[in-house]
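The following exercises ask the reader to work through a structure step by step. Each task is followed by its solution.

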Amino acid sequence: MKALVIIPAYNEETNLPFVLKDLQGFDGDILVVNDGSKDATEEVARRAGVAFVSHPFNLGIGGSIQTGLKYAQRNGYDYAIQFDGDGQHRADQIEKIVAQVESGKADLVIGTRTLAEGYKCGFTRKIGSLIFCLMIRILTGKRVADPTAGFRCYGPNAIRLFSLAYPDDYPEVESIITASRNGLIIAEESVLMRSRQSGHSSINRRKSAYYMLKVSLALIVDAMREKIVWSEA
Amino acid sequence: MDVTRLVSLLLSGSILTLVIWLIREGRLREKYALLWLFTCIVIILLAASRRILETAAIAVGIYYPPSLLFLLGLLFLLMVNIGYAVTLSRLSDNNHKLAQEVALLKQELKKMAKTGTGD
């Protein structure tokens with residue numbers, strides 16, 4: 001089976017070498033999606049000899065993942081792994097989230113942090129996560145323990161669906177609804193994380209209220225949308 | 001001719017001139033040009049004769065004719081703005097897709113240049 005690791009990277013010149021080194025033992029290909037970085041992210045990828053695509057301007061994390069999935073689809077990959085460019089995800093955890101996709105049991109596997117030791121998160125984040133869990137539960141009937149986790153594995157069906165439609169910004173939670181509404185099987189697997197190497201989380205406290213509101217609205221809108229025609233059958 | 005009417009005619013005339021000028025310069029696409037030309041004509045008609053507004057207001061049971069003007073004006077602007085939001089969303093979506101396509105094609109081109117084959 002052909003596997004692709006997608007690394008969305010926006011101004012990650014300091015973290016990217018570390019991430020790429022961590023991935024050295026990975027049995028598959030690597031794609032860096034340089035999302036219009038203003039630093040030497042592209043140069044780092046080029047020097048490391050991994051494949052990369054560069055957006056002409058910043059599209060956001062959702063656009064980056066989608067570009068990676070479009071690449072995976074066009075180049076015939078069987079599954080794709082979303083692996084953050086900031087060093088929080090660990091290469092030695094990849095096989096855990098890949099297993100259920102490889103055996104065909106799931107289309108989308110989320111690497112859940114809450115169950116793993118060594119992951120601490122703030123109080124606000126916990127509340128937010130709880131609200132999202134509840135909303136997902138109401139809108140799709142599914143239980144997802146860590147809906148905001150970005151360490152994921154996409155099977156062939158997920159690659160096909162998300163190439164057509166993937167949310168723009170803050171895509172983690174919304175994509176779960178999209179997947180579920182369009183008949184994908186979602187699974188979770190607990191994984192170990194690293195604390196951030198450098199840089200800041202994309203969500204600070206000031207933005208978190210906006211984040212909650214926007215994602216909540218997006219979830220409801222998504223649940224009202226018509227189903228996407230994505231399968232060939 | 002009273003001053004009010006003269007001023008409103010002058011104003012509506014200059015709006016029409018602005019729209020025509022923008023069309024001539026190619027800065028207003030036909031789709032929007034038609035909408036704004038039509039709007040200008042309505043404004044000029046309303047400025048030229050008070051009777052139109054008064055008759056229309058009484059016909060729908062509004063006793064203070066300017067109210068009808070405000071109502072219709074606001075509704076018109078609201079609809080135009082919603083239309084712009086839709087257009088903007090579509091353009092932003094297209095822009096998004098184009099950027100992704102450019103990035104992917106550039107990568108493919110590089111790969112082809114490296115291997116010297118077009119597969």
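**Exercise 1. Compare the expected span of helix α4 (residues 65-115) of chain B with the distance between its end C-alpha atoms.**

Solution. The model is a predicted one.
Step 1. Helix α4 of chain B holds 51 residues.
Step 2. The expected span is 1.5 Å times one less than the number of residues, so at 1.5 Å a residue this helix should span 75 Å.
Step 3. The end C-alpha atoms of the helix are 75 Å apart, which agrees with the expectation.
Step 4. After the helix comes B:Gly116, which has a positive phi near 75°.

**Exercise 2. State which residues of α4(B) are buried, and what covers them.**

Solution.
Step 1. A residue counts as buried under 20% relative accessible area.
Step 2. In α4(B) the buried residues are B:Pro65, B:Leu68, B:Val80, B:Thr87, B:His96, B:Ala99, B:Gln100, B:Ala103, B:Leu104 and B:Gln107.
Step 3. Their cover includes elements of chain A, namely β3 (51-54) and α3 (61-74), together with α2 (30-48) and α3 of chain B.

**Exercise 3. Describe the interface of chain B and chain A by its contacts, its buried area and its polar contacts.**

Solution.
Step 1. The contacts involve 13 residues of chain B and 16 residues of chain A.
Step 2. The size of an interface is often expressed as the accessible area lost when the parts come together. Here chain B and chain A bury about 1,300 Å² between them, with 54% of it on carbon and sulfur atoms.
Step 3. On the side of chain B, the residues that lose the most area to chain A are B:His96, B:Gln100 and B:Leu104, which together account for 42% of what that side buries. These three residues are also among the buried residues of α4(B).
Step 4. Seven residue pairs are in polar contact across the interface, both residues being at pLDDT 80 or more. The side of chain B that touches chain A consists of four nonpolar, four polar and five charged residues.
Step 5. One salt bridge is counted between chain B and chain A. B:Glu101 and A:Arg74 form a salt bridge, with their closest N and O atoms 2.9 Å apart.

**Exercise 4. Determine which parts of chain A are tied together by the salt bridge of A:Asp22 and A:Arg194.**

Solution.
Step 1. Side chains of opposite charge can pair when their charged atoms come close. The side chains of A:Asp22 and A:Arg194 meet at 3.4 Å, N to O.
Step 2. A:Asp22 belongs to helix α1 (residues 16-22), and A:Arg194 to the loop between β7 (186-190) and α8 (205-224), so the bridge ties together parts 172 residues apart in sequence.
Step 3. A:Asp22 is partly exposed at 24% relative accessibility, and A:Arg194 is partly exposed at 23%.

**Exercise 5. Are A:Asp222 and B:Arg50 buried or exposed, and with which residues do they form salt bridges?**

Solution.
Step 1. A:Asp222 has 6% relative accessibility and is therefore buried. Its side chain meets that of A:Arg225 in a salt bridge of 3.2 Å, N to O. A:Arg225, at 47%, is partly exposed.
Step 2. B:Arg50 has a relative accessible area of 52% and is therefore exposed. Its side chain forms a salt bridge with that of B:Asp2 (3.5 Å, N to O). This pair links helix α3 (residues 50-59) of chain B, which holds B:Arg50, to the segment before α1 (3-24), which holds B:Asp2, 48 residues apart.

Methods. Residues numbered from 1 in each chain as written. Chains lettered and ligands numbered in written order. Predicted model: local features only at pLDDT ≥ 70, side-chain atom pairs only at ≥ 80, totals over all residues. Heavy atoms only, no water. Salt bridge = Lys/Arg side-chain N within 4 Å of Asp/Glu carboxyl O. Helix = DSSP H or I, 4+ residues; strand = E, 2+ residues; numbered from the N terminus. Buried < 20%, exposed > 50% of the residue type's maximum accessible area, 1.4 Å probe, protein only. Contact = heavy atoms within 4.5 Å. Buried area = accessible area lost by both parts, 1.4 Å probe. Polar contact = N/O pair within 3.5 Å; in protein donor to acceptor, adjacent residues only side chain to side chain. Nonpolar A, V, L, I, M, F, W, Y, C, P; charged D, E, K, R; others polar.
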